[in-house]
Amino acid sequence: MAENQTENLLKTPLFDLHVELGAKMVPFAGYEMPVQYPLGVKKEHLQTRDQAGLFDVSHMGQIKLTGANATAALEKLVPVDIIDLPAGKQRYALFTNEQGGIMDDLMVTNYGDWIYVVVNAACKEQDIAHMRANLGDDVALEVLDDRALVAIQGPTAAAAVARIQPAVSDMVFMDSRIMEIDGVECFVSRSGYTGEDGFEISIPADQAERLCRLFLEQPEIEAIGLGARDSLRLESGLCLYGHDLNQTTTPIEGSLIWAISKVRRADGERAGGFPGAEKILEQIAEKNWETKRVGLVSSGKAPVREGTELVDADGNNIGTVTSGTLGPSAGVPVAMGYVTKEFAALDSEVFAVVRGKQVPMTVSRMPFVEQRYYRG
């Protein structure tokens, strides 16, 4: 990245803390972000699987929607049930375009008299413009750019956070609460992007460093960078927007049919009505998609990286790898990618072209490691 581009990078409210902790900072989605700390990516990954890790995700977009029609207006932009989302719950959603492609994936929370939306950092300007243009004049949109966002993830995350605020123990997966943590009003959800139990906590920017120091004082919690965040989410079969999903991929091709709420499907009480509904609902009904996102496990020892070509036994192109890593917890190189219909079935053998050689890979179930969300 050129020097002048580096100078234009934004900093999260936790930038100084990352530097103090010895983080290696890199450009990511327009921000200077910690890719790793002195512990190193593999140990950070295993720390999160075994204990708990703290991730700075303040680069993501946090948005507040208010107005009597906010839920109905937002529902028109996503193939998801927003109208019946209970207060105190959050749901995974997708912004779709008129061609049925995915503009972004996001989280939506119902806080009773307002809706809280979290969107990906690289898409937030586009998403905010999209909402402003389509939600209608009676929905007020406020960008919460004065808040940090952190994730605390791992099997001991709940015990560590409950030491500071015991009320988090009463929450289950996808619950959301507004609560005080050490005297600071935070938005807390029990969810995350690692496949582990944990929380995402929105904190006023001027209190973020103080609270994060308090979290990091807990013996279970270490600071974790983007490198381990990527390997953790990939082992857990979770997509990274811009890599595994994009504007030309439909939810069906992206293996996200589960994210299309029942009430929005062809036989649902609020069928369609979202951008690209005709194509998406037709793909569900006719199964007429040509490529699909699948999990892949390599028989080799080296990771198969994003952009690697996938071929059949005769060397014919059948797809592309979109994410790949040597799974520290899975113990084998894992990847996800898109393959043509005839190779999308479980246990299909495909080949990755690595340095001119064909490395056998098997189409496998995702997640590659068990998800351990707390459901009560």
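How do the residues of the lining of the largest cavity divide into nonpolar, polar and charged? The views below get to that, starting with the strands.

This is a predicted model, where local features need pLDDT of at least 70, side-chain atom pairs count only at pLDDT 80 or more, and totals for chains, interfaces and linings use all residues. Residues are numbered from 1 along each chain as its sequence is written, and side-chain values use heavy atoms, with hydrogens and water left out.

**View 1. Strand β8, covered on both faces.** Strands here are DSSP runs of E with at least two residues, helices are runs of H or I with at least four, and both are numbered from the N terminus. In β8 (residues 115-119), 5 of 5 residues are buried, meaning under 20% relative accessible area with a 1.4 Å probe and protein chains only. Ile-115, Val-117 and Val-119 sit on one side, with Tyr-116 and Val-118 on the other. That fits the usual habit: in a regular strand the side chains alternate between the two faces of the sheet.

**View 2. The neighbours of β8.** Two strands pair if DSSP finds at least two bridges between them. Strand β5 (residues 61-66) pairs with β8 in the antiparallel sense over 5 bridges, and Ile-63 stands opposite Val-117. Strand β7 (residues 102-110) is also antiparallel to β8, again over 5 bridges; here Leu-106 has Val-119 as its bridge partner. The β7-β8 hairpin has 4 residues between the strands, and Gly-112 takes a positive phi near 90° there.

**View 3. The β11-β12 hairpin and on to β13.** Strands β11 (residues 176-181) and β12 (residues 184-189) run antiparallel, joined by 6 bridges, with Ile-181 opposite Val-184. Just 2 residues lie between them, and Asp-182 in the turn has a positive phi of about 50°. From β12, 3 bridges lead to antiparallel β13 (residues 198-204), where Ser-202 is the bridge partner of Phe-187.

**View 4. An open sheet of 6 strands, with helices lying across.** The order is β11-β12-β13-β10-β4-β14, and the pairing is mixed. At the edges are β11 and β14 (221-223), each pairing on one side only. Neighbouring strands are turned by 30° against each other on average, direction ignored. Axes are lines fitted to C-alpha atoms, for helices over the stretch in contact, and angles run from 0 to 180 degrees between N-to-C directions; contact means heavy atoms within 4.5 Å. Helix α3 (residues 41-50) lies across β4 (52-56), β10 (147-153) and β14, at about 120° to β4. Helix α7 (residues 205-216) lies across β4, β10, β11, β12, β13 and β14, running at about 145° to β13.

**View 5. The largest cavity, about 60 Å³.** A cavity is a set of points on a 1 Å grid over the protein atoms alone where a 1.4 Å probe fits but cannot get out, and lining residues have an atom within 4 Å of a point. Among the lining residues are Phe-55, Ala-151, Tyr-193, Glu-200 and Arg-229. So, back to the opening question: the lining divides into 4 nonpolar, 2 polar and 2 charged residues, with Ala, Val, Leu, Ile, Met, Phe, Trp, Tyr, Cys and Pro counted as nonpolar, Asp, Glu, Lys and Arg as charged, and the others, Gly among them, as polar.

**View 6. The second largest cavity, about 40 Å³.** Its lining includes Leu-14, His-18, Tyr-37, Leu-54, Cys-212 and Ala-223. Helices α2 (15-20) and α7 each give two or more residues to this lining, which divides into 8 nonpolar, 1 polar and no charged.

Note on methods:
Buried < 20%, exposed > 50% of the residue type's maximum accessible area, 1.4 Å probe, protein only. 1 Å grid on protein atoms, 1.4 Å probe; cavity = no way out; pocket = protein on both sides within 12 Å on 5 of 7 lines; lining within 4 Å. Points joined across faces, edges and corners; volume = space filled by probe spheres on them.
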